[in-house]
Amino acid sequence: MSINQSQPLETFASSPNKITILFGSETGTAEEFAFDLGTAVQSSDYLCEVTDFDDYQSAKLVDESLVIVVTSTYGNGEAPYNAEEMYNWLETQEPDLSSVRFVVCALGDTGYPAFAQAGKDFDRLLEENGAARVLPRFEVDACFDESIAPFIELVQGWLMEHGQSYKKATTITAG
Ligand SMILES: Cc1cc2nc3c(=O)[nH]c(=O)nc-3n(C[C@H](O)[C@H](O)[C@H](O)COP(=O)(O)O)c2cc1C
């Protein structure tokens, strides 16, 4: 029997886990950073979705595998308004996040006394609710035009070492 040239011989990671990037942003910097990160991760063939906190149902968080939070800070160290609902949910509902991995990229302005506080608080709340931090919190002074590129490199490095389950299917065909 001959092998059909287009017949898949082997498929890896047929049902990959998803990386969810959630952003909290008021004037677009953290949003842009989140999409830059998402584009980089997707172009390395990982399954990844970038979502505004406002468009995300907080309770879904318990079912996530890997969550990357990219958020700025407002007021006097508070979360941007689109991230408030998630922040309050984490603080008051104490969900079981023991099957969730996470990392936080915290944007702010070092001119404020509560520098990058919203990111610091998300980092703390995720851990307090049982999620596992895979990389230390990364802080960016966006007002000094600091870039997200080093954070993207860190995430890509972690994924190369530990992220096989997030890779989209690779199909090997005969011929
Ligand atoms: C009214 C206002 C309040 C702010 N408060 C803080 C703060 O408390 N801590 C901080 O680190 N940055 C603070 N920032 C700086 C923003 O977090 C920073 O400009 C960030 O890059 C904005 O990101 P975004 O465009 O994604 O919202 C504040 C900015 C504004 C305009």
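Before anything else, one definition: when I say a residue is near the ligand, I mean that its C-beta atom, placed from the backbone, lies within 6 Å of it. Hello everyone, and please keep in mind that this is a predicted model.

With that definition in hand, let's go to the ligand. There are 24 residues around it, and those that come nearest are Ser25, Ala30, Ser72, Gly108 and Ala142. Which elements supply at least two residues each to this shell? They are α1, residues 29-43, and β5, residues 101-108. Helix α1 gives the most, with three residues. If you like to think in side-chain classes, the shell has eleven polar residues, ten nonpolar ones and three charged ones.

Now let me step back to the whole protein. There are four helices and eight strands. Reading along the sequence, you pass through them in the order β-β-α-β-β-α-β-α-β-β-α-β. The protein has 175 residues, and 36% of them are buried. If you take the contacts with a separation of 6 or more, 80% of them are between residues 24 or more positions apart.

I'd like to show you some of those long-range meetings, starting with Glu26. Glu26 sits in the loop between β2, residues 19-24, and α1. Is Glu26 buried, exposed or partly exposed? It is partly exposed, because it has 15 other C-beta atoms within 10 Å. Across the sequence, Glu26 and Pro80 are 54 residues apart, yet their C-alpha atoms are 6.0 Å apart in space. Setting aside neighbours within four places in sequence, Glu26 is in contact with Ser72, Tyr74, Pro80 and Tyr81. You have met Ser72 already, as one of the residues that come nearest to the ligand.

Next, a pair of loops towards the two ends of our numbering. Pro16 is in the loop between β1, residues 8-12, and β2. Pro16 counts as partly exposed, because it has 19 C-beta neighbours inside 10 Å. Which residues does Pro16 touch, not counting those up to four places away in sequence? They are Leu47, Ser165, Tyr166, Lys167 and Lys168. For Pro16 and Lys168, the C-alpha atoms are separated by 5.8 Å, although the two residues are 152 apart along the chain.

Tyr166 was on that list, and its place is in the loop between α4 and β8, residues 170-173. Tyr166 counts as buried, because 20 C-beta neighbours lie inside 10 Å and the cut-off for buried is 20 or more. Leaving out residues up to four places away in sequence, Tyr166 touches Pro16, Asn17, Ile19, Tyr46, Leu47, Leu66 and Leu159. Tyr46 is 120 residues from Tyr166 in sequence, and their C-alpha atoms are 5.3 Å apart. Notice that Leu47 is touched by Pro16 and by Tyr166.

On to the helices. Two packed helices are described by the angle between their axes and the distance between the axes. For α1 and α4, residues 149-162, the angle is about 35° and the axes are 10 Å apart. The crossing of α1 past α4 is right-handed. From α1 you have Asp36, Leu37, Ala40 and Val41, and these meet Ile152, Val155 and Gln156 in α4. By class, that contact has five nonpolar residues, one polar and one charged.

Then there is α2, residues 84-93. Which residues of α2 are buried? Met86, Tyr87 and Leu90 are. They lie on the same side of α2, because they cover an arc of only 105° around the axis. What covers these buried residues includes α3. On the face turned away from the buried side, α2 carries the exposed residues Asn88 and Thr92.

Let me finish with two backbone details. Just after α2 comes Glu94, with a positive phi near 45°, and Glu94 is a residue other than glycine. It lies in the loop between α2 and β5, and it counts as exposed because it has 12 C-beta neighbours inside 10 Å. Ala116 also has a positive phi, near 50°. Where is Ala116? It lies in the loop between β5 and α3, residues 117-128. Ala116 is buried, because it has 26 other C-beta atoms within 10 Å. So that's one positive phi at an exposed residue, Glu94, and one at a buried residue, Ala116. Thanks for listening!

Key: Residues are numbered from 1 along each chain as its sequence is written. This is a predicted model: local features need pLDDT of at least 70, side-chain atom pairs count only at pLDDT 80 or more; totals for chains, interfaces and linings use all residues. Two residues are in contact if their C-beta atoms, placed from the backbone, lie within 7 Å. Ala, Val, Leu, Ile, Met, Phe, Trp, Tyr, Cys and Pro count as nonpolar, Asp, Glu, Lys and Arg as charged, and the others, Gly among them, as polar. Axes are lines fitted to C-alpha atoms, for helices over the stretch in contact, and angles run from 0 to 180 degrees between N-to-C directions. A crossing is left-handed if the near helix is turned anticlockwise from the far one by less than a right angle, and right-handed if clockwise. The arc is that of the directions from the helix axis to the C-beta atoms.
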